[in-house]
Amino acid sequence: ATGKSGNPWWIPRKKMYDGMNQGICVLGDSIAKGVLFDAQRNRYAIAKENIGKQITQVIGNSVTNLSKFGCTVTDGLTRFEKQKDALQDCRTVLMNFGGNDSDFLWQEISAAPDELHKPKTPIDFFEQTYLKLIESVRKCGLTPILLNLPPVDHTRYFAWISRELNADNILKWLGGTSAFIYRWHEQYNVAVHKIAQTANVKLIDIRSAFLERRDYCNYLSDDGIHPNETGHALIAGTVVQQFEG
């Protein structure tokens with residue numbers, strides 16, 4: 001949707017960020033990177049309206065995006081430690097983790113549905129590592145800001161991860177319903193809120209921006225987990241709107 005000026009609804013009518021010329025680092029997974037699934041070309045691509053682009057356009061700050069497809073919070077901590085000396089011009093680190101951490105090795109589940117399978121990052125370790133990352137960011141004199149998780153479409157995501165595997169076995173392990181995927185993913189979103197409260201860190205609520213829509217699934221790609229162009233525009237707008245709110 002656009003306003004009278006033709007700009008998206010979330011772009012401020014008057015620039016409110018004058019003087020904020022310090023850079024921002026974005027650190028996270030493919031959501032923070034702006035990745036979507038392009039069904040027409042059958043491959044992943046970068047959304048035109050991603051977080052980094054809109055921060056640069058609207059707020060005017062330069063953006064260093066260290067996000068990476070498939071990145072877990074453990075990977076994020078490693079990436080930050082390796083790159084922190086190059087972030088001297090930054091003042092803020094926007095972080096988005098949890099989606100990959102909550103995920104499972106579906107090929108192993110497909111092959112052995114009666115066995116115990118752990119997520120890529122068990123939730124206790126996820127919380128501990130995220131807190132370490134926040135501490136590391138603060139030690140560098142930077143301000144951490146967390147983003148929570150956009151919701152998944154468990155039906156589409158189940159179809160996506162099981163398309164070349166034994167779907168019946170995976171469904172058996174899930175307890176007979178793909179809704180388990182949504183509930184499990186939600187636990188990591190709750191953990192992000194807990195982490196923000198524990199560390200006294202600002203949290204930008206992008207999840208509610210999706211759930212407030214009549215059918216948030218229309219904002220997701222065909223894989224059921226990556227936002228589409230409209231979804232990434234929604235994330236970018238929410239981040240810009242809440243950044244200094």
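Charge is a good place to start in this predicted model: the chain carries 28 positive and 27 negative side chains. The centres of these two sets lie 6 Å apart. As for the surface as a whole, the chain exposes about 12200 Å², and carbon and sulfur atoms supply 47% of that area.

Now let us step back to the overall fold. The chain contains 10 helices and seven strands. Its radius of gyration is 18 Å, close to the 18 Å that the globule rule gives for 245 residues, so the chain is as compact as a globular protein of that length. If you draw a box along the principal axes, the C-alpha atoms fill roughly 60 × 45 × 30 Å. Of the 245 residues, 51% count as buried. Contacts also reach across the sequence: taking those between residues at least 6 apart, 79% join residues at least 24 apart.

The aromatic side chains let you see such links in detail. A pair of aromatic rings is described by the distance of the centres and the angle of the planes. In this chain the count comes to 15 aromatic pairs. One of them joins F37 and W160 in an edge-to-face arrangement, with 4.8 Å from centre to centre and 65° between the planes. F37 sits in strand β2 (residues 35-38) and W160 in helix α6 (residues 154-161), so this pair ties together parts that are 123 residues apart in sequence. Both F37 and W160 are buried.

A second pair to look at is F104 with W173, which is also edge-to-face. Here the ring centres are 4.9 Å apart and the planes meet at 70°. This pair links distant parts of the chain, with F104 in the loop between β5 (90-96) and α4 (106-111) and W173 in helix α7 (residues 167-173), 69 residues apart. Again, F104 and W173 are both buried. Follow these two rings outwards and you will find that they belong to one aromatic cluster, formed by F97, F104, W106, F126, Y130, W173, F180, W184 and Y188.

What surrounds K172, and is this residue buried or exposed? K172 has its place in helix α7, and at 48% relative accessibility it counts as partly exposed, because the exposed class begins only over 50%. Leaving aside residues up to four places away in sequence, K172 touches P113 and D114. For a sense of span, try the view from K172 to A86: these residues are 86 apart along the chain, and their C-alpha atoms are separated by 47 Å.

How values were computed
Residues numbered from 1 in each chain as written. Predicted model: local features only at pLDDT ≥ 70, side-chain atom pairs only at ≥ 80, totals over all residues. Heavy atoms only, no water. Helix = DSSP H or I, 4+ residues; strand = E, 2+ residues; numbered from the N terminus. Rg over C-alpha atoms; globule rule 2.2 N^0.38 Å. Buried < 20%, exposed > 50% of the residue type's maximum accessible area, 1.4 Å probe, protein only. Contact = heavy atoms within 4.5 Å. Areas by Shrake-Rupley, 256 points an atom, 1.4 Å probe, with all protein chains shown as cover. Lys, Arg positive; Asp, Glu negative; His and termini not counted. Charge placed at Lys NZ, Arg CZ, Asp CG, Glu CD. Phe/Tyr/Trp six-rings, centres within 6.5 Å; stacked < 30°, edge-to-face > 60°.
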